[in-house]
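Student: I would like to test some structural labels against their cut-offs. Can we go through them one at a time?

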Amino acid sequence: MRGLQLSLNKGQKLRLDRALERLESLSSKANSDASVTVADNISVDYEDAILKGHGTAEMDGRVVATLCGVVERVNKLVYVRTLRARYKPEVGDIIVGRVIEVAPKRWRLEINFSQDAVLMLSSMNLPDGIQRRRTAVDELNMRSIFEENDVICAEVRGFQHDGCLHLQARSQKYGKLKRGQLLTISPYLVKKRKQHFHYLDQYGIDLILGCNGFVWVGEHVEVKDDMVEDLSNKSEQQNVKSWNMMGDEEVEEIYTPPETRQNICRTANAIRVLSTLGFMITVEVVMEVVNLSISLDLDIHEMLGAEFYVIVAEKEAERRSMSTKRR
Amino acid sequence: MAGKSSATPTTYSPSLSGQKKKRPSFLTDSDWVRPDGRGPHQCRPAFLRTGAVNSASGSAYAEFGNTKVIVSVFGPRESKKAMMYSDTGRLNCNVSYTTFATPIRGQAPETKDLSSMLHKALEGAIILKSFPKTTVDVFALVLESGGSDLPVITTCASLALADAGIMLYDMVASVSVSCIGKNLLIDPVSEEESYQDGSLMITCMPSRNEVTQMTVTGEWSTPKIHEAMQLCLDACSKLGKIMRSCLKEAASGPQD
């Protein structure tokens with residue numbers, strides 16, 4: 001019942017089932033019968049000293065599950081992983097979130113976790129770029145940096161003792177995201193990689209895959225590194241800024257060309273289709289789907305139709321069978 | 001439902017079927033024939049599905065004969081009220097009826113009672129320590145009330161909690177028995193509930209063999225109560241098996 005409700009006709013249903021079967025047979029499922037529901041027995045060797053992890057409990061000397069999911073075993077650790085896992089934050093994750101509250105000296109963000117994350121004013125670069133102590137005036141001007149419902153990209157700095165998440169946005173690549181789309185997908189579809197910021201130069205758009213399941217697709221923004229900036233450039237910019245004191249925001253409002261907007265929509269739809277099919281979201285896969293839609297000459301809204309859905313599943317099945325054959 | 005008639009409706013309604021009917025006298029001694037043709041110790045066939053509501057963390061839909069309930073679970077999410085640190089999580093339950101749920105439009109039973117009873121039934125089964133400082137919200141919506149509402153709501157809510165991935169000690173199954181004269185009828189329909197002398201509802205965790213809630217109303221003799229409890233517990237364990245198979249199907253059905 002979940003996901004995009006698509007009305008597939010008979011032929012499409014057949015093709016989709018066949019493609020999904022192929023994908024299933026290709027994936028190696030070592031413990032395919034290890035799914036458990038609540039209070040099911042977990043088969044363990046009682047002679048070994050096993051560690052009971054998340055989702056397990058002891059009852060009458062037996063180990064039972066407290067969650068519905070799949071049993072995972074790592075050496076001596078036995079735990080139950082839910083199928084639609086919630087986002088589990090780790091230090092250093094790149095996160096995309098939305099501001100829901102401006103509180104004294106911090107912003108509260110919603111990040112698809114059980115609690116809201118906190119971005120302290122001190123973990124944020126000030127607009128003039130000088131490193132200094134935050135004063136009361138800075139606190140009063142917090143709203144000029146981020147307001148409610150702004151979309152922000154940040155990094156996990158650490159946890160508080162009570163489980164609350166702390167973020168930091170000290171580098172130039174973090175901060176407010178403008179002119180784009182925010183998509184919500186399941187968090188387990190985004191694996192932790194080295195790079196989460198991707199620049200698709202042939203389309204001129206930025207793709208940020210947040211580890212919490214929030215994906216940002218937007219117009220490309222040139223990231224200026226503070227250190228490398230020339231002093232002369234800086235003075236030029238300051239002059240320009242002083243001329244436009246009144247309408248700061250309006251000057252920076254550049255017009256986004258329609259081709260870029262179409263590319264943004266296309267990429268966003270590609271990610272939607274992939275997340276409904278349950279495939280891992282990586283740049284390569286997204287690029288393939290976008291190229292596929294362009295080569296098939298589909299309109300952007302047709303990408304969310306049943307036919308494209310089935311085609312993507314088939315292509316992915318082909319791709320995986322090719323890669324396993326090569327091995 | 002605990003058979004209490006609601007207050008007299010303020011708007012005029014031609015039939016006063018909200019109050020307890022005067023039972024035809026021939027029924028006190030003879031056996032009651034159930035309107036849907038079931039045996040007295042036979043439950044209605046259950047239809048259970050998870051994943052009914054896309055936007056919720058977990059959800060379930062249950063249909064027991066004419067009683068149709070949809071439950072959505074949100075959480076664990078930030079609790080605004082508990083700014084103080086609490087090392088256990090909070091559970092918040094809310095039951096509501098649609099206006100077209102009852103035969104007379106808008107005449108729903110006390111939903112505040114039902115909400116607090118649902119809370120008591122579920123809090124024994126949820127491992128609250130697993131989500132400190134956050135809240136789990138359970139919203140139950142009764143689409144059609146065909147008798148034995150609260151047991152169906154509790155069963156459906158426990159499925160929705162399992163679907164949402166919240167840690168539970170065990171699934172919670174709930175069944176009610178009503179007593180008419182000398183007959184014990186399990187899983188009563190609204191007509192039977194309007195005639196009942198007493199009702200007994202048990203909410204239990206089948207695999208652990210523990211009862212989280214027991215509600216008794218009306219007049220009961222001791223042997224009758226024992227018999228009714230035994231009936232309920234047997235029915236609950238069967239219902240528990242059905243719930244499990246529903247969850248397993250949901251997990252293995254949509255691949256990927």
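The exchange below takes up the chain contact, then one residue, then one helix.

Tutor: Keep in mind that this is a predicted model. Ask away.

Student: What makes the link between Lys248(B) and Asp40(A) a salt bridge?

Tutor: The distance and the atoms. The side chains meet at 3.1 Å, N to O. The cut-off is 4 Å between a Lys or Arg side-chain nitrogen and an Asp or Glu carboxyl oxygen, so the pair qualifies.

Student: How many salt bridges are counted between chain B and chain A?

Tutor: Two. Polar contacts between these chains number nine residue pairs, both residues at pLDDT 80 or more.

Student: Which elements of chain B give two or more residues to the side that touches chain A?

Tutor: Strands β1 (46–50), β2 (58–64) and β3 (67–78), with helices α2 (149–164) and α4 (222–252). The residues on that side of chain B divide into 15 nonpolar, eleven polar and eleven charged.

Student: How many residues does each chain bring to the contact, and what area is buried?

Tutor: Chain B brings 37 residues and chain A brings 31. The buried area is about 2,600 Å². Carbon and sulfur atoms give 49% of that area.

Student: Why is Thr66(A) called buried?

Tutor: Its relative accessibility is 1%. Buried means under 20%, so Thr66(A) counts as buried.

Student: Where is Thr66(A), and which residues is it in contact with beyond its neighbours within four places in sequence?

Tutor: Thr66(A) is in the loop between β4 (62–65) and β5 (69–74) of chain A. In chain A, its contacts are Val38(A), Gly55(A), Thr56(A) and Ala57(A). From chain B come Ile127(B), Ile166(B), Met167(B) and Leu168(B).

Student: How do you know that the span of α8 in chain A is close to the expected one?

Tutor: Helix α8 (residues 306–326) has 21 residues. The expected span takes 1.5 Å times one less than that number, so it comes to 30 Å. From first C-alpha to last, the helix reaches 31 Å, close to expectation.

Student: Which residues of α8(A) are buried, and what do they pack against?

Tutor: The buried residues include Phe308(A), Val312(A), Glu316(A) and Ser321(A). The buried residues of α8(A) pack against α1 (10–26), α6 (258–277) and α7 (283–295) of chain A.

Student: What is the overall make-up of chain A?

Tutor: Eight helices and 16 strands. Of its 327 residues, 44% count as buried. Among contacts in chain A with a separation of 6 or more, 64% join residues 24 or more positions apart.

Terms used:
Residues are numbered from 1 along each chain as its sequence is written. Chains are lettered from A and ligands numbered from 1 in the order in which they are written. This is a predicted model: local features need pLDDT of at least 70, side-chain atom pairs count only at pLDDT 80 or more; totals for chains, interfaces and linings use all residues. Side-chain values use heavy atoms; hydrogens and water are left out. Contact means heavy atoms within 4.5 Å. Buried area is the accessible area (1.4 Å probe) that two parts lose on being put together, summed over both. A polar contact is a pair of N or O atoms within 3.5 Å; within protein, one must be able to donate a hydrogen and the other to accept it, and residues adjacent in sequence count only if both atoms are side-chain atoms. Ala, Val, Leu, Ile, Met, Phe, Trp, Tyr, Cys and Pro count as nonpolar, Asp, Glu, Lys and Arg as charged, and the others, Gly among them, as polar. Buried means under 20% relative accessible area, exposed over 50%, partly exposed in between (1.4 Å probe, protein chains only).
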